[in-house]
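This report describes the fold, the interior and a few individual residues of one protein chain. The sequence and the structure are shown first, and the discussion follows from them.

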Amino acid sequence: MLRSLLLSLALTMTAGAATAAAPEEAAMAGLPHVAFPAPHRVASGRLQAGDIATLKRAGIRQVIDLSLDSETPGFDEAAAVRTAGIGYHNLPIRGAGDLTRARVAQFDRLLRDAGNQLTLVHCASGNRVGAMIALRAALTGGRSGEAALAEGRRWGLTSLEPAVRERLQAWAGNGSDAAALPAR
């Protein structure tokens, strides 16, 4: 009987926790390519001016934008996000050429600085987000290449996968991954 009571209590608590996350996910469901791959983290594609109020209502506290300003010439995302009282950081990733250890270190720092704040990480489609997450998973998280790629795919990695795979193989070949970035 005690075992049944404990199981029932555990299921009720689990259902309650799942329901608690649903409102913010539901609020952001209309964002392009949206994913909720980790606690306190949301990944998406390009933001539009009308999305900023949605982010505010959903409780987003930080935005990490991996796109170039030139990708949205008619929309000043930084100004709109900051005006809404949300922190904003831009780390432009143009493509495969910007998938460097230095950029991954900057990206890692931004995510660590965000802490447990609800943070949106985005680019145009989520592809660059997934690429940076995969490289970070290998370099800071010690994940194998395949595990890092799988994590990147959860965040939106698509067409940059061959470039990410190439970097993971090259970086693993020089044996200096452990010292590449600060430990979490």
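What percentage of the contacts in the chain with a separation of 6 or more is accounted for by residues 24 or more positions apart? In this predicted model, residues 24 or more positions apart account for 72% of those contacts.

**Overall organisation**

The chain has 7 helices and 5 strands, and, when it is read along the sequence, these elements follow the pattern α-β-β-α-β-α-β-α-β-α-α-α. Of the 184 residues in the chain, 43% are buried.

**Two nonpolar cores**

In soluble globular proteins, nonpolar side chains tend to be buried together. The largest nonpolar core here holds 31 residues, of which Leu66, Leu99, Phe107, Val121, Val129, Met132 and Val164 touch the most other members. Two or more residues of this core come from each of helix H4 (101-114), helix H5 (127-139), helix H6 (145-155) and helix H7 (161-173), and the largest share, 9 residues, is supplied by H5. The surroundings of Leu99 illustrate this packing: leaving aside residues up to four places away in sequence, Leu99 touches Ile93, Ala131, Met132, Leu135, Leu160, Ala163, Val164, Arg167 and Trp171. Apart from the largest core lies another core, of 17 residues, which includes Leu31, Ile52, Ile60 and Ala78.

**Buried polar and charged side chains**

Thr119 belongs to strand E5, which spans residues 119-122. Is Thr119 buried or exposed? Thr119 counts as buried because its relative accessibility is 0%, and its side chain makes a polar contact of 3.4 Å with the side chain of Arg41. If residues up to four places away in sequence are not counted, Thr119 touches His40, Arg41, Val42, Ile60, Gln62, Ile64 and Ala114.

Arg136 is placed in helix H5, the helix that also gives the largest share of the largest nonpolar core. With a relative accessible area of 11%, Arg136 lies under the 20% cut-off and is therefore buried. The side chain of Arg136 is joined to that of Asp108 by a polar contact of 2.8 Å.

A further arginine, Arg82, lies in helix H3, residues 77-83, and its side chain reaches the backbone oxygen of Tyr88 at 3.3 Å. The three contacts are set side by side below.

| Side chain | Partner | Distance |
|---|---|---|
| Thr119 | Arg41, side chain | 3.4 Å |
| Arg136 | Asp108, side chain | 2.8 Å |
| Arg82 | Tyr88, backbone oxygen | 3.3 Å |

**Loop residues and backbone geometry**

Most residues other than glycine have a negative phi, and most peptide bonds are trans. Against that background, two histidines deserve a look. His33, found in the loop between helix H1 (2-27) and strand E1 (35-38), has a phi near 55 degrees, a positive value in a residue other than glycine. His33 is exposed, since its relative accessible area of 56% is over the 50% cut-off. His40 lies in the loop between E1 and strand E2 (41-44), and its phi is likewise positive, near 70 degrees. The relative accessible area of His40 is 36%, so this residue is partly exposed. His40 is also among the residues that Thr119 touches.

Gly59 occupies the loop between helix H2 (51-58) and strand E3 (62-65), where it is partly exposed, with a relative accessible area of 21%. Although Gly59 and Ala27 are 32 residues apart in sequence, their C-alpha atoms are 9.6 Å apart in space. Another such pair is formed by Arg82 and Ile52, which are 30 residues apart along the chain and have their C-alpha atoms separated by 9.7 Å; Ile52 is one of the residues of the 17-residue core.

**The second largest pocket**

The second largest pocket has a volume of about 170 Å³. Its lining consists of 13 residues, of which Ser144, Gly145, Leu168, Gln169 and Ala172 lie nearest its centre. Which helix gives the most to this lining? H5, H6 and H7 each supply at least two lining residues, and H7 gives the most, with 5 residues. By class, the lining of the second largest pocket has 6 nonpolar, 3 polar and 4 charged residues. H5, H6 and H7 are also among the helices that give two or more residues to the largest nonpolar core.

Notes
Residues numbered from 1 in each chain as written. Predicted model: local features only at pLDDT ≥ 70, side-chain atom pairs only at ≥ 80, totals over all residues. Heavy atoms only, no water. Core = buried A, V, L, I, M, F, W, Y, C linked by side-chain atoms within 4.5 Å. Buried < 20%, exposed > 50% of the residue type's maximum accessible area, 1.4 Å probe, protein only. Helix = DSSP H or I, 4+ residues; strand = E, 2+ residues; numbered from the N terminus. Contact = heavy atoms within 4.5 Å. Polar contact = N/O pair within 3.5 Å; in protein donor to acceptor, adjacent residues only side chain to side chain. 1 Å grid on protein atoms, 1.4 Å probe; cavity = no way out; pocket = protein on both sides within 12 Å on 5 of 7 lines; lining within 4 Å. Points joined across faces, edges and corners; volume = space filled by probe spheres on them. Nonpolar A, V, L, I, M, F, W, Y, C, P; charged D, E, K, R; others polar.
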